[in-house]
Each structure stands twice: as structure tokens, then as C-alpha cells.
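Welcome, and please open the model in your viewer so that we can walk through it together. At each stop, make the selection and then take a look around.

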Amino acid sequence: MPPVKPMLAKSVAKIPPGMQYEAKWDGFRAIVHRDGDEVEIGSRTGKTLTRYFPELVTALKDNLPARCVVDGEIVIVHGGRLDFDRLTERIHPAQSRVDMLARTTPASFVAFDLLALGDEGLLDTPLADRRNALTNALSTARPPVHLAPATTDPALAQEWFERFEGAGLDGVVAKPLDLPYRPDARLMFKIKHERTADVVIAGFRFHKSGPIVGSLLLGRYDDHGALQHVGVCAAFPMKRRAELVDELAPLRMEDTAGHPWAAWAEESAHESARLPGAQSRWTGKKDLSWVPLRPERVCEVAYDHMEGDRFRHTAQFRRWRPDREPPSCTYAQLEEVVGYDLADVLGPTAGS
């Protein structure tokens with residue numbers, strides 16, 4: 001019975017041998033419960049997603065067994081690749097908006113594990129047997145419900161890792177063949193792309209625990225010479241967070257006057273530029289205030305991939321770059337990923 005939290009993966013540097021390999025999807029993780037006409041879509045945290053994806057409720061009734069629990073990912077395909085921005089737009093409080101987006105940007109569901117079928121619970125069943133059961137259960141499934149491709153060939157998994165990124169996928173997941181399903185446990189392995197980029201430090205937020213750095217605000221210059229907010233880096237030991245306050249003190253500004261992001265508090269400014277500090281349905285009442293810094297210092301960060309013009313996930317601090325000047329930190333230096341049509345991953349109707 002819902003809610004059920006999904007089994008998770010821990011990061012490793014290389015693809016391990018002797019496992020089942022799947023693409024790592026960049027969407028909303030979802031556990032689907034179906035019992036006849038009842039369908040419940042649960043998120044990674046256990047909250048319901050059902051009302052936001054009415055078109056999937058219908059598709060899941062049409063394609064899943066009458067009684068089952070399936071683990072998978074909700075994705076939106078646009079222009080032959082995954083589009084996370086369009087996916088996040090689907091979480092909206094207005095039902096009229098939800099219904100409109102269900103028509104204009106319909107979602108797909110990619111199934112990759114089977115937790116229950118009929119009266120049988122499969123949590124203690126080895127992965128290899130669960131995969132066989134899932135393949136049989138979805139043998140007649142049609143888009144927008146898909147069976148995730150899987151292989152036990154590490155060479156093919158490496159090929160997927162290198163090729164599928166152009167379709168917006170996030171890397172590769174490796175799963176031991178004898179692995180039972182353990183909700184909320186990190187027993188799988190994920191191998192993600194990592195690149196580095198030089199960025200300008202233009203501000204920081206305080207940590208929720210006190211007057212130490214919580215996250216650094218990162219910027220890059222666009223073709224017009226404007227400093228755009230591209231993301232944050234936030235994973236620092238507590239001691240390092242305190243040290244950063246002192247290191248950045250010479251760059252602190254009394255207020256945002258004269259800062260490239262001075263207009264961050266004006267709602268209209270966010271329509272034409274990426275600025276920190278905007279409230280949204282994701283942040284709610286969370287304190288998004290930040291300390292402006294003169295954009296004079298450059299650091300190198302590691303990131304997995306870009307979503308549009310920003311880092312898709314939190315970047316990782318690597319080192320200061322005193323040898324770099326801030327104006328040299330431009331989008332032109334970001335690595336371009338060769339495009340790859342998602343239809344070649346999921347089948348010819350994936351992008352329809």
C-alpha cells in the first residue's frame with residue numbers, strides 16, 4: 001500500500017562489472033500503485049503526484065496489469081530529448097493549468113522495476129527475476145508507458161553512458177542481479193557524467209544553522225556581457241563553511257546597488273534573466289535572501305550536465321582559480337554534448 005519510498009543508488013566513479021545496467025533517467029521518480037480503476041502515483045518522498053498527471057493515470061490503466069506496484073520515472077520528451085523544465089511546470093496548484101499542460105506537454109512513464117504483481121509481493125525477489133516479471137507484464141505496453149531498456153553487457157552500458165547523454169539522460173545505473181528491493185536504501189550504483197567549468201562567485205547564502213556559508217551563487221557571462229545566475233555549489237564541511245565567510249569578507253557589498261543582480265527582487269526581472277532570490281512554488285516561504293559579492297573571484301566547479309543555460313544539479317566546488325579573470329567565464333567554454341534522439345532509446349514513438 002502507498003506510500004512506498006523507492007530504492008536509491010550511491011555514486012561510483014566507474015561502471016561495475018557483473019550487474020544489470022540501465023540508463024539513468026532525468027525526471028520525477030515515481031512508484032505507481034494500480035488496483036483496478038484506482039491508480040496512485042507516489043513521489044520519491046512519498047507525496048502524491050497523481051493529480052498533476054491525469055493523462056498518465058489513463059495510460060497506466062491501459063498498460064499496466066490490473067493489480068501491481070511499479071517503480072519508474074515520469075519524463076517529458078521534447079525535441080527528441082528529455083526536458084526537465086517542462087516537467088517541473090507540471091506541478092501547479094491550478095487544476096485548469098494542470099489539465100492544459102496534460103494536453104500540450106504530455107508526460108511519459110518509464111518502468112524499470114516491479115514491486116508487486118497480483119497478490120504477490122516481490123520485494124524479496126532477486127532483481128533478475130523481477131526484471132523478467134516486469135518484461136512479461138509490460139509485453140503489450142504502448143507509449144506513453146515504456147519498459148526501460150536494460151542489459152547485462154558492461155560494454156553496451158559504457159556505450160549507453162557515452163551516447164545517451166545527448167538525449168538528456170543522466171548516466172547509467174548498475175544493479176546487482178541478486179538484489180532484493182529495499183525502499184529508501186542506497187543499494188544500487190549510479191555513474192554520472194562530470195565536467196568542470198570556471199565560474200564567477202557573485203554572492204552567497206547563509207547556512208540554516210547559523211552565520212556560515214550555506215551555498216555559493218555562481219555566474220557566467222552571456223554573449224551580451226551580462227552575468228547570468230547559473231546555479232550554486234553547496235557541499236562543504238562545516239569548518240570550511242566558516243572559513244569561507246572570512247575568505248569572502250573583502251568582497252562583500254553593503255547592498256545590491258551596483259551588483260549585476262541588483263534587480264533580483266523585481267519579479268519582472270526574472271522573465272528576461274536568471275537571478276537568485278525569486279520565490280516559486282518549489283521554494284514556498286524558504287528564506288532566499290543572499291549576500292552580494294563583488295564578482296571578482298573565479299572558482300572551478302564540477303557539474304554533471306546543463307539544463308538549458310544553468311547547471312541541472314548542485315555543482316561541486318573544486319578549487320579557486322586566481323589565474324582567471326571573471327569576464328573569461330562565458331557560456332562558450334561549456335562543453336557541448338552531441339545530440340541523440342530519445343526515440344532511439346525508447347522506440348520510434350517516444351517523441352510523438
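Start by selecting the hairpin of β3 and β4, where two residues sit between the strands and Gly 36 takes a positive phi near 65°. A word before going further: what you have on screen is a predicted model.

Keep this hairpin in view and colour its two strands. β3 and β4 (residues 38–42) run antiparallel and are joined by five bridges. To find one of them, pick Val 32, whose bridge partner in β4 is Ile 41.

Now add β5 (residues 67–75). This strand pairs with β3 too, in the antiparallel sense, over eight bridges. Asp 35 is a good place to click, as Arg 67 is its bridge partner in β5. Is β3 mostly buried or exposed? Of the eight residues in β3 (residues 28–35), seven are buried, so the strand is largely enclosed by the rest of the structure.

Next, show the side chains of Ile 41, Phe 53, Leu 60, Ile 74 and Phe 109. Within the largest nonpolar core, which has 30 residues, these five touch the most other members. Which elements each supply at least two residues of this core? They are β3, β4, α1 (54–63), β5, α2 (84–88) and β8 (108–117). The largest share, four residues, comes from α1.

Centre the view on Ile 74 and bring up what surrounds it. Beyond its neighbours within four places in sequence, Ile 74 is in contact with residues including Phe 28, Ala 30, Ile 41, Phe 53, Leu 56, Leu 87 and Phe 109. There is also a second, separate core of 25 residues, and you can mark it by selecting Phe 204, Val 230, Leu 251 and Phe 317, which are among its members.

For a helix stop, select α4 (residues 127–137) and highlight Leu 127, Arg 130, Arg 131, Leu 134 and Ala 137, which are buried. Turn the view to look down the axis of α4: the buried residues fall within an arc of 125°, so they line one face of the helix.

Now for a sheet. Select β1, β13, β12, β2 and β11, which lie in that order in an open sheet of five strands with mixed pairing. At its edges are β1 (8–11) and β11 (150–151), each pairing on one side only. Inside the sheet, β12 (residues 171–176) and β13 (residues 186–192) pair in the antiparallel sense over four bridges. Click Ala 174 and then Phe 189, its bridge partner in β13. Add helix α5 (residues 154–163) to see it lie across β2 (19–23), β11, β12 and β13, at about 20° to β2.

The last stop is another open sheet, with five strands in the order β16-β15-β14-β17-β20 and antiparallel pairing. What is found at the edges of this sheet? There stand β16 (227–233) and β20 (316–320), each with a single partner strand, so one side of each has no neighbour in the sheet. Rotate the view to follow the twist, which averages 50° from one strand to the next.

Within this sheet, pick out β14 (residues 195–206) and β17 (residues 291–303), which run antiparallel and are joined by nine bridges. Ile 201 has Arg 297 as its bridge partner in β17. Finally, select α6 (residues 238–248), a helix lying across β14, β15 (213–221), β17 and β20, at about 55° to β15.

How values were computed
Residues numbered from 1 in each chain as written. Predicted model: local features only at pLDDT ≥ 70, side-chain atom pairs only at ≥ 80, totals over all residues. Heavy atoms only, no water. Pairing = 2+ DSSP bridges. Contact = heavy atoms within 4.5 Å. Axes fitted to C-alpha atoms, helices over the stretch in contact; angles between N-to-C directions. Buried < 20%, exposed > 50% of the residue type's maximum accessible area, 1.4 Å probe, protein only. Arc of directions from axis to C-beta. Core = buried A, V, L, I, M, F, W, Y, C linked by side-chain atoms within 4.5 Å.
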